[in-house]
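Please open the structure in your viewer and keep the selection tool at hand, since this tour moves from one selection to the next.

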Amino acid sequence: MYDTLIEYINSRVSRPLAANEINIIKNNFVPYKLKKREFFLHEGDVSSYMGFLAKGSMKKYSTDIKGTEHIISLYIEGWWVGDRESFSKHSPSSFNIEACEDADLLVLTKQAGEEVFTLPIMNELTRHLDQNYSFATQKRINAAISMTAEERYNMLIDSYPEFSQRFPQHLIASYLGITQETLSRIRSRAVKK
């Protein structure tokens, strides 16, 4: 699992991690396993960890008063998992994070993160991730307010083709803010083309 994280970091920063940096990472990230449908975080709890998903898939969602899930994020291998606001501010989370498949993560506590983020290379990685997250958020907001459901679906599948194989259609529909029936119509039209 650590090799996956090291490769991930090295592919996104200006130089490979040095041996001492790798040791700091290995000493602070802890393996964490979840079975399908187990929770990484419950709404109302304070997030104690941020995790790197080495294997599996997960979802982050809120639940409305009718009990309907609203998918905020879908995660696959090589993605960071958590509620950053809850983790950073030590505040109750508004979200649930749950494994959609059995999941293997490497998790970092806030205290362990203090040592990891003394490494300049990890600050470089964080800046890179923040920038990409900002771009992705802008795209998603723009898509929600200016694109048709079909355009949003096509953009998602073009960006993340593996999502259609990894996540049930009702989760994808919720992530896109459409009904499952609308998604079924979109997909059947795409097959006919």
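The stops below go through a helix, a sheet, a loop residue and a further set of paired strands.

Before the first stop, bear in mind that this is a predicted model.

**First stop: helix H5**

Select residues 120-146, which make up helix H5, and follow its 27 residues from the first C-alpha to the last, a reach of 39 Å that is close to the 39 Å expected at 1.5 Å a residue. Within this helix, colour Ile121, Met122, Leu125 and Ala143, which are buried. If you then show the surroundings, you will find that the buried residues of H5 pack against several elements, among them helix H1 (2-10), helix H2 (19-28) and helix H6 (149-159). Strand S6 (79-81) and helix H4 (110-116) also belong to the elements against which these buried residues pack.

**Second stop: the open sheet**

Turn now to the open sheet of 4 strands, which you can trace in the order S2-S7-S4-S5, with antiparallel pairing. At its edges lie strand S2 (39-41) and strand S5 (69-75), each of which pairs on one side only. Looking from one strand to the next, you should see a twist that averages 30°. Add helix H8 (residues 169-176), which packs on the sheet and touches strand S4 (58-63) and S5, with a direction that makes about 100° with that of S5. To inspect one pairing in detail, select S2 together with strand S7 (residues 96-99), which pair in the antiparallel sense over 2 bridges, and look for Leu41, whose bridge partner in S7 is Ile97.

**Third stop: Ile76**

Next, select Ile76, which has its place in the loop between S5 and S6. Is Ile76 buried or exposed? Its relative accessibility is 5%, and because buried means under 20%, Ile76 counts as buried. Leaving out residues up to four places away in sequence, Ile76 touches Leu53, Gly56, Ser57, Glu162, Phe163, Arg166 and Phe167.

**Last stop: strand S3 and its partners**

Leu53, one of the residues that Ile76 touches, leads on to strand S3 (residues 49-55), which is mostly covered, with 5 of its 7 residues buried. Show strand S8 (residues 103-109) as well, and you can follow the 6 bridges that join S3 to this antiparallel strand, where Met50 stands opposite Leu108. Finally, bring S6 into view, since S3 and S6 pair in the antiparallel sense over 3 bridges, and locate Trp79 in S6, the bridge partner of Leu53.

Key
Residues are numbered from 1 along each chain as its sequence is written. This is a predicted model: local features need pLDDT of at least 70, side-chain atom pairs count only at pLDDT 80 or more; totals for chains, interfaces and linings use all residues. Side-chain values use heavy atoms; hydrogens and water are left out. The expected span of a helix is 1.5 Å times one less than its number of residues. Buried means under 20% relative accessible area, exposed over 50%, partly exposed in between (1.4 Å probe, protein chains only). Contact means heavy atoms within 4.5 Å. Two strands pair if DSSP finds at least two bridges between them. Axes are lines fitted to C-alpha atoms, for helices over the stretch in contact, and angles run from 0 to 180 degrees between N-to-C directions.
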